[in-house]
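Me: I am new to this structure and should like to be guided through its interior and one of its sheets. Please let me see it before we begin.

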Amino acid sequence: MNSKRRHLHFFAIFSDALSTLWSIIVPFGFGLVWGLRHLDDIIGYVLILPLVILIFNFVKWLRYTYEWSDDQIHIRSGIFVRNDCYIRFQRIQSVQIKTNLLLRLLGVVQLKFDTADPASKGDRVLTALNKKEAERIKAEVSRVKGQLSNLRTEGTAPESPVHKEKQPKKRYQLSGKRLLAASLLSSKIGAMLAAVFGLWSQADDLIPDNIRGRSLSYLEHASLVGLIILIGAAILLLWVASLISILLRWGFFRLMVFDTEWRIHRGVWETKDETYKTDRVQAIQIQETWLQQLFGWCTIYAQCSGSIDSENDDGGSIIVFPMLRKEELPGFLSTVIPRFAGTLSTRVLPLRSTLYRMAGPACFWIVSCSILAWRFDWGNYALIGLPFILIYGWFRRRSESWALSDKRLIVVNRWFAKTTTITRRNNIQSLTIKQSFLQKRLGLANTLATIRASSEQIFSIHQLEKEHANTIFQWFRNRN
């Protein structure tokens, strides 16, 4: 099947222009936009900028074409320097369809290919396509890859070229109850507070002087009860905002499990349809925040080789399922990705390891407090924080553990959230043992395992028994 040479949807001109404007405005801060009201003399020149960007993107749209055949897609782009890119369908690792509310009204989507090409970070994006055209290209990629898979496994060509949509062997959907639990236990109040402080820094431009003056006057004369009510209302509003953010991000989440791939749909305001090959998975991570751990929930991520959307909220990880009961985890892994399934029992690090790692922060805090006490009268009060540091360090370090289970390495780390990482021996690129002079005296060592996912990932086990570090090293060496 072949297609004619085509342009992207006409809306790509406006979409790319808005993206360019956004990339210009954000680095300078929103205060730049609000400060334009003070620049009456040059406002006319500033308004020329969007027009220039629009014209540039129109020429770019004219010069950008694509066409696809039975086994490849050909993309031509470039205004001053022409680029011809040929992508073979069998080299495409994953296909993602992304859209938002405005694009859905226009019947337009964004189509992204991941080719695992490090030179271009693996991304090839068609920014605005008709939805039917995008689905047709995606189906053609799946058909070609399915035929190649049959050739590899059976050694014969398929009897019929007609591609039939397979049914998933399992479908997981985020119910309303789980979505509410995710909103309650995975709230992003910290991000909301950062946004509030950012807006507060621009209060001089955003809020009229008379309103700001009355507000500050009210706060100065408010009673203790009134301040408590205001703080409570602010926290409630931040929580509601974070709840809405989670709902928009994970609403209608659906995971369909096939024999060799996952298909993930998520989002309300901005929807994403993502396809990932399971043979690209290098590690599975089970993350539990303090609240999730308290109520028995967890979030499942996957670290995959190749390029992952760098714009997503998970730092390059694939979110496999946002909210799962811990007791459901063994069955979930056995169905979704069996080679990583199995027991999750781990070995706790020795007690002297915990004390050794707590000593560093405690000594640093004591020295810092001593300097503050020497320079300032209130410096002695900083020592009040020492018990909290010791308590946090104790619980954090005692949460860390490790295990070897057949061909799997399990590492449990904690910063604020507890993260259990499961990887396999053949996914580990390198394994390193480090030991300082003091560690030698205590019989301890650090082990660092490196995998190649969307970026280099290092999983470390700090201060474990030296003989256990050697055991892990010998396990890694016996790769047969």
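Me: How many residues has the largest nonpolar core?

Reply: The model is a predicted one. Within the largest nonpolar core, the residues with the most contacts are Leu255, Trp262, Ile284, Ile300, Phe332 and Val336. Elements that give two or more residues to this core include helix 10 (224-250), strand 13 (297-304) and helix 12 (329-336). The size of this core is 39 residues.

Me: Which residues of strand 14 (318-325) is Ile300 in contact with, leaving aside its neighbours within four places in sequence?

Reply: Strand 14 covers 318-325 and is one of the elements that give two or more residues to the largest core. The contacts of Ile300 beyond those neighbours also include Ile284, Leu329 and Phe332. Those that fall in strand 14 are Ile318, Ile319, Val320, Phe321 and Leu324.

Me: How many residues are in the second, separate core?

Reply: Among the members of this second core are Phe11, Cys85, Leu111 and Ile137. The core is separate, and its count is 28 residues.

Me: Which strands are the edge strands of the open sheet with the order 19-20-21?

Reply: This sheet has three strands with antiparallel pairing. An edge strand here pairs on one side only. The edge strands are therefore strand 19 (428-434) and strand 21 (456-465).

Me: Which residue of strand 20 stands opposite Ser430?

Reply: Strand 19 and strand 20 (residues 444-452) run antiparallel and are joined by six bridges. Opposite Ser430, in strand 20, stands Thr450.

Me: Which strands does helix 16 touch?

Reply: Helix 16 (residues 466-477) packs on the sheet, and its direction makes about 155° with that of strand 19. The strands touched by helix 16 are strand 19, strand 20 and strand 21.

Key. Residues numbered from 1 in each chain as written. Predicted model: local features only at pLDDT ≥ 70, side-chain atom pairs only at ≥ 80, totals over all residues. Heavy atoms only, no water. Pairing = 2+ DSSP bridges. Helix = DSSP H or I, 4+ residues; strand = E, 2+ residues; numbered from the N terminus. Contact = heavy atoms within 4.5 Å. Axes fitted to C-alpha atoms, helices over the stretch in contact; angles between N-to-C directions. Core = buried A, V, L, I, M, F, W, Y, C linked by side-chain atoms within 4.5 Å. Buried < 20%, exposed > 50% of the residue type's maximum accessible area, 1.4 Å probe, protein only.
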